[in-house]
Each structure stands twice: as C-alpha cells, then as structure tokens.
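Work through the exercises below with the sequence and the model open. Each task is followed by a solution in steps.

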Amino acid sequence: MNTCSRAAFAKFAILTITAIAYGGGLGMHAAATEEGRIFDISHRYVPEMPSWESSEGVGQFVWLQQSMKNGSISNGSLMKLPTHTGTHVDAPGHVFDHYFHAGFDVDTLDLQLLNGPALLVDVPRDQNITAQVIKSLDIPRGVRRVLFRTLNTDRRLMFQKEFDTSYVGFMVDGATWLVENTDVKLVGIDYLSVAAFDDLIPSHLVFLEGREIILVEGLKLDDVPAGIYSLHCLPLRLAGAEGSPIRCILIK
C-alpha cells in the first residue's frame with residue numbers, strides 16, 4: 001500500500017470509528033452538520049436533464065394539477081418520472097427478473113450501507129473503468145463505499161439534454177475485479193449508468209448478482225475534492241420498483 005493510500009485508510013478508519021461512536025453513522029450526521037461542510041451530490045431535476053437513450057431529455061414531468069388561480073383551495077402538482085432518472089439507485093431486480101418477482105425492490109436496500117464513510121476517487125480520464133484502472137486506484141481493504149469521478153464530470157454530461165453513449169463506465173473486467181478483490185459494497189458514478197454502454201448488461205450482472213452491492217448513478221461530483229466523507233443517501237420507499245430517485249449528500 002502506497003503512502004497516499006495509507007493516509008486515506010487512516011482517515012477512513014477514524015471516520016468509521018467516529019460513526020460507530022455516534023450510533024452507526026446516522027447520529028454522526030447531526031454532529032457533522034454542526035462543524036462540517038455539506039456537499040449536495042444530487043442533481044436538480046429539470047426537463048432538460050438527460051434521459052436514457054433520448055435526445056429530448058426528460059421533458060415535462062411535473063404538472064400543476066390543482067391551481068389556486070383556477071379556484072382550488074391549494075396548489076397541488078402531479079409528477080410522472082422514470083425511476084432511473086437523474087441521481088438514482090438500482091435494486092437487483094433491475095437486471096435480474098427472478099429478483100424482481102421475489103420482491104427485492106428499492107425498499108429492501110440496506111440503509112446502513114447507503115449511509116456511512118465513503119471514499120471519493122478520481123478515475124484516469126482517458127478510458128473506461130477496467131480491471132487495470134481499478135488496480136491503479138489502490139483502494140484499501142475495509143473501504144465499503146466508493147464514488148468514482150470520471151471524465152463524465154469534466155464533460156458535464158449530466159447537464160446535457162441529449163443522451164451520450166460515449167460516457168465513461170465500468171467494463172465487465174473492472175466490475176469483476178472490484179467485486180472479487182475489494183470490500184466495496186456501494187459503487188457510485190457520475191452518469192446514468194455505472195456500466196459502460198458497450199458492457200451495459202454484463203457489468204450490471206456482475207455487480208447485482210449477489211445482492212450485496214448497491215449502485216448509485218447520476219451523482220453530481222463537480223467541485224467536490226477527492227477524499228474521505230460521510231455519505232448519506234436515501235431512496236424513496238417505492239414498493240415493487242427496481243429503481244428510485246435518491247438524495248445523496250457528503251459531509252466533510
């Protein structure tokens with residue numbers, strides 16, 4: 001383990017111990033907000049945000065169904081949105097039909113895993129995330145949550161309406177190496193899929209087959225320094241849904 005990795009792991013260990021002392025991480029949230037800085041790493045939902053394989057973006061997704069201007073006693077909106085829009089989380093049933101019908105929806109995802117110490121790393125900007133790239137990142141054992149910042153952030157792909165198939169993501173060998181050689185159980189990335197477009201389903205299958213890894217996609221990682229944070233992600237409790245919009249923050 002190189003010097004940089006030792007320092008990162010030392011900080012990670014301290015943060016983990018602090019989280020335990022405050023009751024598994026959720027108590028730490030309140031303490032950290034008193035002295036720490038909050039980074040909102042969720043994208044704002046707007047009609048112009050990208051939608052999977054669409055050149056038109058998400059489009060209108062909120063309608064004012066009841067309007068006080070039209071005589072209603074209050075304003076009330078109606079929302080219709082694909083569950084894998086913007087910053088969102090995948091459940092195993094996204095790519096495994098037997099998991100979907102067995103009820104492993106977003107409401108079954110482990111909140112302990114979605115909240116806790118996390119490492120934000122910068123991926124080499126010239127390629128997809130292969131096994132070689134993962135090895136070069138030298139992720140220390142014991143790290144369970146890693147957010148991968150890629151060329152997607154530099155290109156501001158989440159701010160472009162047209163879906164871009166050239167986004168950076170995991171190739172199947174990178175996903176396999178991560179699963180087999182690290183303790184990472186939460187993988188976050190800065191576009192609509194953790195998997196590269198050319199390895200879309202194979203990489204998802206590697207990650208979600210064992211139901212031990214949670215995928216958080218579409219993260220907003222610009223202007224956040226690499227390093228160790230307290231991560232807090234909360235999906236909607238959507239019964240029967242294989243994905244959900246999710247609000248994620250980092251606390252330093």
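## Exercises on side-chain contacts

Arg-125 is partly exposed, at a relative accessible area of 27%. The model is a predicted one.

**Exercise 1.** Find the salt-bridge partner of Arg-125 and place both residues in the chain.

Step 1. Arg-125 pairs with Asp-154, and their closest N and O atoms are 2.7 Å apart.
Step 2. Asp-154 belongs to helix 6, while Arg-125 is in the loop between strand 5 and helix 5 (131–137), so the bridge ties together parts 29 residues apart in sequence.
Step 3. Asp-154 has 46% relative accessibility and counts as partly exposed.

**Exercise 2.** Classify Arg-149 and Asp-122 by burial, and state what their salt bridge connects.

Step 1. The closest N and O atoms of Arg-149 and Asp-122 are 2.7 Å apart, which is within the 4 Å limit for a salt bridge.
Step 2. Strand 6 (residues 145–149) holds Arg-149 and strand 5 (residues 115–122) holds Asp-122, so parts 27 residues apart in sequence are tied together.
Step 3. Arg-149 is buried because its relative accessibility of 8% is under 20%.
Step 4. Asp-122, at 35%, counts as partly exposed.
Step 5. Asp-122, Arg-125, Arg-149 and Asp-154 are linked in a network of salt bridges.

**Exercise 3.** How many salt bridges does the structure hold, and which parts of the chain does the one between Arg-247 and Asp-40 link?

Step 1. There are nine salt bridges in the structure.
Step 2. In the one between Arg-247 and Asp-40, the closest N and O atoms are 2.6 Å apart.
Step 3. Arg-247 is in strand 10 (residues 243–251) and Asp-40 in strand 1 (residues 38–40); these distant parts of the chain put the two residues 207 apart.
Step 4. Arg-247 is exposed at 52% relative accessible area, whereas Asp-40 is partly exposed at 32%.

**Exercise 4.** Is the ring pair of Phe-170 and Phe-207 stacked or edge-to-face?

Step 1. Aromatic pairs in the model number 12.
Step 2. For Phe-170 and Phe-207, the centres are 5.1 Å apart and the planes make an angle of 90°.
Step 3. The pair is edge-to-face because 90° is over 60 degrees.
Step 4. Phe-170 lies in the loop between helix 6 (151–154) and helix 7 (172–181), and Phe-207 lies in helix 8 (residues 200–208), 37 residues apart.
Step 5. Both rings belong to buried residues: Phe-170 has a relative accessible area of 0% and Phe-207 one of 2%.

**Exercise 5.** Which charged residues lie over the rings of Phe-104 and Tyr-229?

Step 1. Over Phe-104 sits the charged end of Arg-211, 3.7 Å from the ring centre.
Step 2. Over the face of Tyr-229 lies Lys-252, at 4.5 Å from the ring centre.

Conventions: Residues are numbered from 1 along each chain as its sequence is written. This is a predicted model: local features need pLDDT of at least 70, side-chain atom pairs count only at pLDDT 80 or more; totals for chains, interfaces and linings use all residues. Side-chain values use heavy atoms; hydrogens and water are left out. Rings of Phe, Tyr and Trp (its six-membered ring) pair if their centres lie within 6.5 Å; planes under 30 degrees apart count as stacked, over 60 as edge-to-face and the rest as tilted. Helices (H or I, at least four residues) and strands (E, at least two) are DSSP runs, numbered from the N terminus. Buried means under 20% relative accessible area, exposed over 50%, partly exposed in between (1.4 Å probe, protein chains only). A charge sits over a ring if NZ of Lys or CZ of Arg is within 6 Å of the ring centre and within 35 degrees of the ring normal. A salt bridge is a side-chain nitrogen of Lys or Arg within 4 Å of a carboxyl oxygen of Asp or Glu.
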